[in-house]
Amino acid sequence: MHEMSLAEGIRRVIEDQARAHAFARVTCLRVEIGRFACVEKPALEFAFEVVMRGSPAENARLEMIDLPGRAICYDCTREVEIMARLDPCPLCGGGRLMPVAGEEMRIKDMEVI
Amino acid sequence: MCTVCGCGTGAEQGHSRSDAHGHSHDHAHGHGHDHSHGGLHFGHGPAGTEVPGMSQVRLIEIETDILAKNGVHAEANRARLAVLGAFAVNLVSSPGSGKTTLLCRTIEALGTHPLAVIEGDQQTSNDAERIRATGAQAVQVNTGKGCHLDGHMVGHAMDHLTLAPGGFLFIENVGNLVCPAAFDLGEDCKVAILSVTEGEDKPLKYPDMFTASRLALLNKVDLAPYCHADLDAYERNLRRVNPAIEVIRVSAATGAGMDIWLDWLRGSLARKAARTAAE
Ligand SMILES: Nc1nc2c(ncn2[C@@H]2O[C@H](COP(=O)(O)OP(=O)(O)O)[C@@H](O)[C@H]2O)c(=O)[nH]1
Ligand SMILES: [Mg+2]
Ligand SMILES: [Zn+2]
């Protein structure tokens with residue numbers, strides 16, 4: 001469900017870009033997805049294929065680039081990279097981490113003809 | 001005409017609740033939604049565009065948030081609320097945690113303070129009717145298959161309400177602990193409601209919503225003895241996923257803790273007013 005709205009968001013951006021840059025077709029679209037973003041990659045891939053039909057990005061390749069998850073540790077006050085949302089602080093072992101990066105869902109660039 | 005999306009629904013402004021009944025219209029330009037039975041109904045059906053262009057491969061840098069369009073709607077809502085000095089709360093939780101019950105109780109306790117309510121559910125206008133029964137104005141948004149409210153829906157819902165300066169806007173999101181976390185509605189903050197019948201580990205299982213919220217209302221504390229709930233464990237797990245979160249223990253059924261929640265609301269509104277005045 002949620003991935004469908006993301007794909008619709010991508011389509012809106014592509015249609016705006018197509019008007020602004022006068023291109024016919026998108027061949028490849030690169031998106032950056034944070035490690036903690038609420039996105040299921042296979043579901044987004046599927047939604048992308050369905051939602052792009054009839055748009056300039058029909059049959060375009062979708063590349064997903066992972067962005068790391070980062071958090072501020074409330075115990076040692078340093079910013080650290082964590083792999084999973086509930087990981088302890090790798091520096092002090094503390095368990096009170098506030099995510100500061102890793103929730104991104106960004107369109108980076110696209111190849112067009 | 002709606003100045004944000006240009007979809008023409010702004011013309012609905014000024015319609016009273018009863019005027020909004022019994023008519024519906026669709027928009028042919030891609031994000032069709034119609035208004036009928038006094039609620040707003042949303043669905044999606046993007047229109048195709050084909051733009052003739054050149055044949056050389058180019059790379060276009062975009063660096064745009066996928067939800068950028070939602071962000072534009074959310075910021076427009078936020079600006080409208082700022083002009084009014086109104087404080088908007090986005091209430092998020094799983095279905096059945098007690099959002100509507102708590103809202104009704106809150107409205108009664110706020111007495112004559114100006115406020116309005118936007119109710120989000122996939123189907124039915126039951127909740128808006130429950131709110132109107134308290135005497136407050138409410139508009140129901142049905143998301144259809146959609147699992148969350150978005151900035152566009154809330155902007156149009158606001159057109160159907162008379163928001164008074166210095167009032168509260170309560171937005172009851174669709175019951176879902178996942179997706180609403182990602183959609184900014186233009187609110188001042190999210191408030192998560194977690195009831196003691198749901199299990200102490202829910203914040204760990206669904207961290208995003210609790211990380212995105214400024215306050216958690218731990219509801220149904222009257223039931224704690226019956227379901228062997230460990231309220232301290234609830235709070236510990238909430239702080240594990242959001243060390244800055246505030247927690248208030250309440251019962252919408254008995255009214256326990258409601259005074260603290262009301263103080264929190266009035267304090268937040270006053271702080272927003274002070275911030276705005278200082279700018
Ligand atoms: N015992 C008890 N029941 C509650 C409380 N708050 C809500 N409920 C009940 O929980 C059920 C779901 O409440 P509702 O407000 O519809 O939840 P929503 O889906 O989050 O809007 C209803 O039967 C309410 O009466 C509470 O504090 N204590
Ligand atoms: Mg409800
Ligand atoms: Zn640390």
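## Around ligand 1

In this predicted model, ligand 1 has 16 residues around it, and the ones that come nearest are B:Gly96, B:Lys99, B:Thr100, B:Thr101 and B:Asp222. Sorted by character, that shell breaks down into 4 nonpolar, 7 polar and 5 charged residues. If you're after the element that gives the most to the shell, look at helix H2 (residues 99-110) of chain B, which supplies 3 residues.

As for individual polar contacts, an oxygen atom of ligand 1 sits 2.9 Å from a polar backbone atom of B:Ala252. Side chains join in too: an N or O atom in the side chain of B:Glu172 is 3.1 Å from a ligand 1 oxygen, and a polar side-chain atom of B:Asn219 is 3.2 Å from an oxygen of ligand 1. On its own, ligand 1 would expose 590 Å², and the protein buries 70% of that.

## The magnesium site

Now for the metal. The magnesium ion (ligand 2) is coordinated at 2.1 Å by B:Thr100 through OG1, B:Asp127 through OD and B:Glu172 through OE. Along the sequence, these donor residues follow the spacing T-x26-D-x44-E. Two of them tie distant parts of the chain together: B:Asp127 belongs to helix H3 (residues 126-132) of chain B and B:Glu172 to strand E7 (residues 168-172) of chain B, 45 residues apart. Both B:Asp127 and B:Glu172 are buried.

Two of the donors also turn up at ligand 1. B:Thr100 is among the residues that come nearest to ligand 1, while the side chain of B:Glu172 has an N or O atom 3.1 Å from one of the oxygens of ligand 1.

## Aromatic pairs

Over all chains, the count comes to 3 aromatic pairs. Take B:Phe87 and B:Trp264: their ring centres are 6.5 Å apart and their planes meet at 70°, so this pair is edge-to-face. It's another link between distant parts of the chain, with B:Phe87 in strand E4 (residues 87-92) of chain B and B:Trp264 in helix H8 (residues 258-278) of chain B, 177 residues apart. Are these two rings' residues buried or exposed? B:Phe87 has a relative accessible area of 1%, so it is buried, and B:Trp264 counts as buried at 8%.

B:Phe168 and B:Phe170 make a stacked pair, 5.7 Å centre to centre with 25° between the planes. Both of these phenylalanines are buried. Elsewhere, ring pairs join B:Phe87, B:Trp261 and B:Trp264 into a cluster.

Notes
Residues numbered from 1 in each chain as written. Chains lettered and ligands numbered in written order. Predicted model: local features only at pLDDT ≥ 70, side-chain atom pairs only at ≥ 80, totals over all residues. Heavy atoms only, no water. Donors = N, O, S within 2.8 Å, 3.2 Å for Na, K, Ca; no water. Helix = DSSP H or I, 4+ residues; strand = E, 2+ residues; numbered from the N terminus. Buried < 20%, exposed > 50% of the residue type's maximum accessible area, 1.4 Å probe, protein only. Near = heavy atom within 4 Å. Polar contact = N/O pair within 3.5 Å; in protein donor to acceptor, adjacent residues only side chain to side chain. Areas by Shrake-Rupley, 256 points an atom, 1.4 Å probe, with all protein chains shown as cover. Nonpolar A, V, L, I, M, F, W, Y, C, P; charged D, E, K, R; others polar. Phe/Tyr/Trp six-rings, centres within 6.5 Å; stacked < 30°, edge-to-face > 60°.
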